[in-house]
Amino acid sequence: MIHPLADVQTKDIGTDTNIWQFCVVLAGAHIGAGCNICSHVFIENNVKIGNNVTVKNGVSLYDGIVIEDGVFIGPNASFCNDRYPKSKNKNFKLEPIVIKKGASIGANATILPGVTIGENALVAAGAVVTKNVPARTTVKGKF
Ligand SMILES: CC(C)(COP(=O)(O)OP(=O)(O)OC[C@H]1O[C@@H](n2cnc3c(N)ncnc32)[C@H](O)[C@@H]1OP(=O)(O)O)[C@@H](O)C(=O)NCCC(=O)NCCS
């Protein structure tokens, strides 16, 4: 189901995925089956989302992020792909983020460029993640 108040430009969406009000999804994005994309989510072109993924409200997923099956992303979590941001940055170097299978990202966590979150890991609410998180671990605060 794509809600009529969403602007979804990609056709690459699996079955039984719901995309709710005021989402914007650009043409190059891939979204798997059985996902729930809650209202006010922005998904850029070079984004891959697996199956059975939940993305809660107010999340932006920028180019270079890969989200594997069964991931949960809490409300207002932030994912950064530019380490030294600047308006109209001529030196922009994309550093991809990977969220591995079954991992969960807490509300309002910030994930810095180039980080991989391991399988079934849990990032606490409000954490700032600066480096890779091993599988099956919980991290909080500045990690
Ligand atoms: C990290 C988390 C899993 C810990 O849960 P828990 O194991 O039950 O831990 P507790 O609540 O018993 O807290 C243990 C300690 O960690 C601290 N703590 C808990 N969550 C924290 C967080 N997000 N950031 C920093 N410290 C945290 C507690 O203050 C406590 O500290 P203390 O021992 O000094 O008193 C949980 O608090 C959390 O952040 N979950 C994510 C929730 C979320 O974002 N959901 C999204 C959908 S709404």
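Let me start with the seven-stranded sheet in this predicted model, which is open and runs in the order E2-E5-E8-E11-E14-E17-E19, with parallel pairing. At its edges stand strand E2, residues 18-19, and strand E19, each of which pairs on one side only. If we look at the E2 end, strand E2 is joined to strand E5, residues 36-37, by two bridges, and the two strands run parallel; within that pairing, Ile19 has Ile37 of E5 as its bridge partner.

There is also an open sheet of five strands, again with parallel pairing, and its order is E4-E7-E10-E13-E16. Here the edge positions belong to strand E4, residues 30-31, and strand E16, residues 116-117, and each has a single partner strand, so one side of each is left without a neighbour in the sheet. Further in, E7 and E10 pair in the parallel sense over three bridges, and Val47 stands opposite Ile65 in E10.

That brings me to the interior. In soluble globular proteins, nonpolar side chains tend to be buried together. In this model the largest nonpolar core has 34 residues, and the members that touch the most other members are Ile105 and Val123. Three strands, E7 at 47-49, E10 at 65-67 and E13 at 97-99, each supply at least two residues of this core. Which residues is Ile105 in contact with, once its neighbours within four places in sequence are left aside? They are Phe72, Ile73, Gly74, Ala77, Ile99, Ile111 and Val123.

One of those contacts of Ile105, Gly74, also appears in the surroundings of the ligand. The full shell consists of Gly74, Gly106, Ala107, Leu122, Ala124, Ala125, Gly126, Thr138, Lys140 and Gly141, and by residue class it divides into four nonpolar, five polar and one charged.

Finally, I would like to turn to Lys142, which lies in the segment after strand E19, residues 138-139. Is Lys142 buried or exposed? Lys142 is exposed, because only 9 other C-beta atoms lie within 10 Å of its own, and the cut-off for that class is 12 or fewer. Leaving aside neighbours within four places in sequence, Lys142 is in contact with Val128 and Thr130. As for Leu112, which is 30 residues away from Lys142 along the chain, the C-alpha atoms of the two residues are separated by 11 Å.

Definitions and conventions: Residues are numbered from 1 along each chain as its sequence is written. This is a predicted model: local features need pLDDT of at least 70, side-chain atom pairs count only at pLDDT 80 or more; totals for chains, interfaces and linings use all residues. A nonpolar core is a set of buried Ala, Val, Leu, Ile, Met, Phe, Trp, Tyr and Cys residues joined through C-beta atoms within 7 Å. A residue is buried if 20 or more other C-beta atoms lie within 10 Å of its own, exposed if 12 or fewer, and partly exposed in between; C-beta atoms are placed from the backbone. Helices (H or I, at least four residues) and strands (E, at least two) are DSSP runs, numbered from the N terminus. Two residues are in contact if their C-beta atoms, placed from the backbone, lie within 7 Å. A residue is near a molecule or strand if its C-beta atom, placed from the backbone, lies within 6 Å of it. Ala, Val, Leu, Ile, Met, Phe, Trp, Tyr, Cys and Pro count as nonpolar, Asp, Glu, Lys and Arg as charged, and the others, Gly among them, as polar. Two strands pair if DSSP finds at least two bridges between them.
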